[in-house]
Amino acid sequence: MGDYQPQQPYPPYEPHQQQPGWGPPPPADRGGFGWAVLGFFVPIVGLVLFVVWRESKPRSAKSAGVGALLGFVLVMIAPAAVVLALRAPWNPVVSSEPYSEVYEAPDPTVEATPDAERTKAASQQPVYSGVPDPALAEGREWTGSMETSIGAIKFTLNGAAAPQATANFIQLARDGYYDGSSCHRLTTAGIFVLQCGSLTGDGTDGPGYQFGPLENVPEDGVYPPGVIAMARASAEDSQGAQFFITYEESVIPGGYTVFGRVTSGLDAIEDVAAAGTADGGSDGRPAVDVTFEAIEFD
């Protein structure tokens with residue numbers, strides 16, 4: 001629900017490697033290098049000028065005054081330059097390439113691995129340049145069905161209370177973004193969710209954009225069974241494609257956008273939860289694979 005950590009509901013999931021283009025851009029160079037140079041050379045230049053002035057003869061009262069003024073100015077500038085050098089980040093080398101938030105899909109020609117098919121599926125998905133228009137949600141309720149390997153999961157979406165998240169899900173589903181993907185995370189203690197929408201199966205990927213702010217967040221932090229909500233990282237504007245479904249009432253701090261609910265098929269998710277995780281822990285990949293075949297709207 002990652003900077004980039006995987007998108008997740010609280011508590012944090014085990015972090016993974018950051019994907020290309022995800023996370024904040026590098027800090028801007030505010031001139032720390034230039035101030036450091038200035039702070040180093042100004043005292044030297046001042047000393048040289050002072051020696052030259054002192055050795056020059058004759059000295060008039062006027063020249064003495066000018067020398068004193070020059071020495072005062074240099075004495076004031078040098079410590080100021082040093083202070084600025086210490087306060088400003090030292091970034092003498094900054095890439096001229098513009099930062100991009102477009103997700104770079106893995107190379108489908110990479111040698112096969114246990115997740116090769118999932119990686120190839122991710123590389124074949126469209127790359128988006130921006131967030132879908134919330135007007136797509138039409139401010140109304142939507143109904144549909146997720147056709148999965150554990151059966152049909154019917155749902156409703158709340159386009160009035162969460163227009164941006166609803167429009168996002170509708171656009172991705174219509175484009176076939178989720179087709180062939182599987183749910184990569186199950187939690188069975190503290191919070192009770194099945195998390196889905198990661199094409200690579202490890203929670204570190206996304207559609208090439210992130211969005212916010214949060215919408216339709218429960219004020220008490222309670223998420224009843226059957227809630228469909230957006231996953232995200234620590235930042236509230238880090239929502240992407242991943243979502244989670246609660247199969248038991250869960251108290252989740254931090255706030256997550258609720259944009260739908262399951263109306264039929266929750267029992268199948270409960271059966272997946274009863275089977276536990278693949279490694280037997282309380283937070284990990286479900287032992288029963290849940291794969292999306294298609295998402296259709298009525």
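The following legends describe close-up views of a predicted model.

**Figure 1. Confidence across the predicted model.** The average pLDDT of the protein is 74, and 57% of the residues score at least 70. Over residues 1-33, pLDDT stays under 50, and the model has 116 contacts beyond four places in sequence for this stretch. A further stretch, residues 82-120, also has pLDDT under 50 throughout, with 58 contacts beyond four places in sequence. Where pLDDT is low, the predicted coordinates should not be read in detail.

**Figure 2. The open sheet of nine strands.** The strands follow the order S10-S3-S4-S7-S6-S9-S2-S1-S11, and their pairing is antiparallel. At the edges lie strand S10 (283-284) and strand S11 (292-297), each of which pairs on one side only. Strands of a sheet pair through backbone hydrogen bonds, either parallel or antiparallel. Strand S6 (residues 227-230) and strand S9 (residues 258-264) run antiparallel and are joined by three bridges. Within this region, Ala229 has Val258 of S9 as its bridge partner.

**Figure 3. Helix H5 across the sheet strands.** Helix H5 comprises residues 266-275 and lies across strand S2 (151-158), strand S3 (185-187), S4, strand S7 (243-246) and S9. With respect to S7, helix H5 runs at about 95°.

**Figure 4. The nonpolar cores.** The largest nonpolar core contains 37 residues, and those with the most contacts inside it are Met146, Phe169, Tyr178, Ile228, Phe243, Phe259 and Ile295. Helix H4 (residues 163-174) supplies the largest share of this core, namely five residues. A second core, separate from this one, has ten residues, among them Tyr223, Ala231, Tyr256 and Val258.

**Figure 5. The aromatic pair of Phe169 and Phe259.** The structure holds twelve aromatic pairs. One of them is formed by Phe169 and Phe259, whose ring centres are 5.5 Å apart with 45° between the planes, a tilted arrangement. This pair links distant parts of the chain, since Phe169 belongs to helix H4 and Phe259 to strand S9, 90 residues apart. Phe169 counts as buried because its relative accessibility is 1%. Phe259 is likewise buried, its relative accessible area being 0%.

**Figure 6. The aromatic pair of Phe244 and Tyr256.** A pair of aromatic rings is described by the distance of the centres and the angle of the planes. After the buried Phe259, this view turns to Phe244 and Tyr256, whose ring centres lie 5.9 Å apart with planes at 80°, so the pair is edge-to-face. This pair also links distant parts of the chain: Phe244 is in strand S7, and Tyr256 is in the loop between strand S8 (250-251) and S9, twelve residues apart. Both residues, Phe244 and Tyr256, are buried.

**Figure 7. The cluster of aromatic rings.** Ring pairs join Trp142, Phe155, Phe169, Tyr177, Tyr178, Phe243, Phe259, Phe292 and Phe297 into a cluster. Among these residues, Phe169, Tyr178, Phe243 and Phe259 are also listed with the most contacts inside the largest nonpolar core.

**Figure 8. The surroundings of Gly197.** Gly197 is found in the loop between strand S4 (193-196) and strand S5 (222-223). Because its relative accessibility is 1%, Gly197 counts as buried. Apart from residues up to four places away in sequence, Gly197 touches Tyr177, Tyr178, Ser182, Ala241, Gln242 and Phe243. Ser182 is 15 residues from Gly197 along the chain, and the C-alpha atoms of these two residues are separated by 6.9 Å.

Terms used:
Residues are numbered from 1 along each chain as its sequence is written. This is a predicted model: local features need pLDDT of at least 70, side-chain atom pairs count only at pLDDT 80 or more; totals for chains, interfaces and linings use all residues. Side-chain values use heavy atoms; hydrogens and water are left out. Helices (H or I, at least four residues) and strands (E, at least two) are DSSP runs, numbered from the N terminus. Buried means under 20% relative accessible area, exposed over 50%, partly exposed in between (1.4 Å probe, protein chains only). Contact means heavy atoms within 4.5 Å. A nonpolar core is a set of buried Ala, Val, Leu, Ile, Met, Phe, Trp, Tyr and Cys residues joined through side-chain atoms within 4.5 Å. Two strands pair if DSSP finds at least two bridges between them. Axes are lines fitted to C-alpha atoms, for helices over the stretch in contact, and angles run from 0 to 180 degrees between N-to-C directions. pLDDT is the predictor's confidence in each residue, from 0 to 100. Rings of Phe, Tyr and Trp (its six-membered ring) pair if their centres lie within 6.5 Å; planes under 30 degrees apart count as stacked, over 60 as edge-to-face and the rest as tilted.
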